[in-house]
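Trainee: Could you take me on a close tour of the salt bridges in this model? I'd like to know where the partners sit and what surrounds them.

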Amino acid sequence: MLTLPKSLSDEELNRLFTEACAAQTEEHFTDAMEKYLLLLEYFPEAPMLRYNLGLVYYSLENFTDGLREFSLALTSQPGDSDTLFNLALCQKKTGDSQAAITTYRQFLEAMPDNTDCWYNLAGCYRDIYADEQAISCYQRVLALDSKYLSALNNLAYLYHRSGDIEQAEVCYRQVLSLRPEDDSANYMLASLLGTPLAHAPDSYVQHFFDAYADGFEKSLVDGLGYDNPRQLYACFKGCAGLQGVKNVYDHGLDLGCGTGLSGIAIKKIVTVLDGVDLSANMLLQAAKKDCYAGLYQDSISHYLQTTTKTYDFFLATDVFIYVGELANIFTAMSAVARPLALFCFSTEALDSTGYQLQMTGRFAHSRDYIENIAVATGWRVLTKKKTRLRKEKERWVAGDLWILQIKEQK
């Protein structure tokens, strides 16, 4: 039994613990943290204090310290299910999906029918592209709860990603039977069935990237070999010396900026850079890059149509895979473009004419379509270049890099 220091009585320590718990409940997390840390000076091995402090750190998005506290709580209370679950959450948040998998598996040994744990475990497997294991886990969730909608939706996505179109269609239809208004399921089903669409629904893009934000860069760059921003930068440098092309631009706009990978690549050639994206979680990641003067949560079209700013540089890397019909966006950019403004972007290649929503759920554009839209909306093509965008099932996806310039002086 712990011997209390003379500085605080039992009554005072109990009051301090009550105040810490109340502050945590009322979401005064910094206050709660300070009180728990003080209590830990008296009871450094108390698992409840470590656990509560871990929850506070998690709420403050300090996942590294949260991970430490949950780990310390387990040393005094090994096998505690709540602590294991939250430890796994922190492991995932700090980018260690493999450790999270191990911890979730340990949790399931004691609670094999916990649907949330199976669901989170599936997400870890999905993020490291262990699709077979992820599918198996989502199936286990649905065996326990057939109306677990997010598990059903993710299962459809994994079948879709793996090329099992028949099973993907079945799952999307099951989602729609439970939630007919689901824009994401309707959109992905349309891609499977070849239904013509002009663009992906904003809600689909927002929800997809909100869920994807934490592991986005590691998955895209390390897993899929994505290098669009650097390639576009090199393409831009290849335009040096062309009439009207500057070395540095005054005010740029990163369309669909995501986590800011593009901003890092081109920050040397833009004095002031803004970014716009539908996903709040992606914008949180972009803000950490310290290369944007302003970040705006909005659709590209709406932002361009409502902004009072003007720009002399526009960037869109791997963005138009979610937009088929581009005339409206190109026209809206023309309206806010300064004289000799430049537009750098990439598209997924289409061998036929026009644009097409593919079975992957992404849009591809033909070169003729881009060239015709550019001319019709006041832009001229300075350069176009074939490239490899990213890997898909170990094969490179073909694409095009474009540098356009506004045609008319304003």
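**Salt bridges across the chain**

Mentor: Happy to! Let's begin with Arg390, which counts as buried because its relative accessibility is 5%; buried means under 20% relative accessible area, exposed over 50%, and partly exposed in between, with a 1.4 Å probe and protein chains only. Keep in mind that this is a predicted model, in which local features need pLDDT of at least 70 and side-chain atom pairs pLDDT 80 or more, while totals for chains, interfaces and linings use all residues. Residues are numbered from 1 along each chain as its sequence is written, and side-chain values use heavy atoms, without hydrogens or water.

The side chain of Arg390 meets that of Asp318 in a salt bridge, 2.8 Å from N to O; the term asks for a side-chain nitrogen of Lys or Arg within 4 Å of a carboxyl oxygen of Asp or Glu. This pair links distant parts of the chain, 72 residues apart: Arg390 belongs to strand 8 (residues 379-392), and Asp318 to the loop between strand 4 (311-316) and helix 18 (327-336). Helices (H or I, at least four residues) and strands (E, at least two) are DSSP runs, numbered from the N terminus. Asp318 has a relative accessibility of 13%, so this partner counts as buried too. The two are also members of a wider network, since salt bridges with shared partners join Asp318, Glu348, Arg362, Arg390 and Glu392.

How many salt bridges does a search of the whole structure find? The count is 21, and another of them is the bridge between the side chains of Arg50 and Glu69, at 3.0 Å from N to O. Because Arg50 lies in helix 3 (residues 47-59) and Glu69 in helix 4 (residues 63-76), this pair ties together parts that are 19 residues apart in sequence. Both Arg50 and Glu69 are buried.

Next comes Asp127, whose salt bridge with Lys92 brings the closest N and O atoms to 2.7 Å. Here too the pair links distant parts of the chain, with Asp127 in helix 7 and Lys92 in helix 5 (residues 81-93), 35 residues apart. What sets this bridge apart from being buried is plain in the values: Asp127 is partly exposed at 25% relative accessibility, and Lys92 is partly exposed with a relative accessible area of 27%.

While you are in that region, look at Arg126, which is found in helix 7 (residues 115-127). Its relative accessible area is 17%, so Arg126 is buried. Leaving aside neighbours within four places in sequence, Arg126 is in contact (heavy atoms within 4.5 Å) with Asp131, Ala134, Tyr138, Asn154, Tyr157, Leu158 and Arg161. Ser97 is 29 residues from Arg126 in sequence, and their C-alpha atoms are 9.8 Å apart in space.

Finally, step back to the whole chain. The protein chain has 19 helices and nine strands, and its C-alpha trace spans about 80 × 50 × 35 Å along the principal axes. Of its 410 residues, 49% are buried. Links between distant parts of the sequence turn up among the contacts as well: of those between residues at least 6 apart in the protein chain, 57% join residues at least 24 apart.
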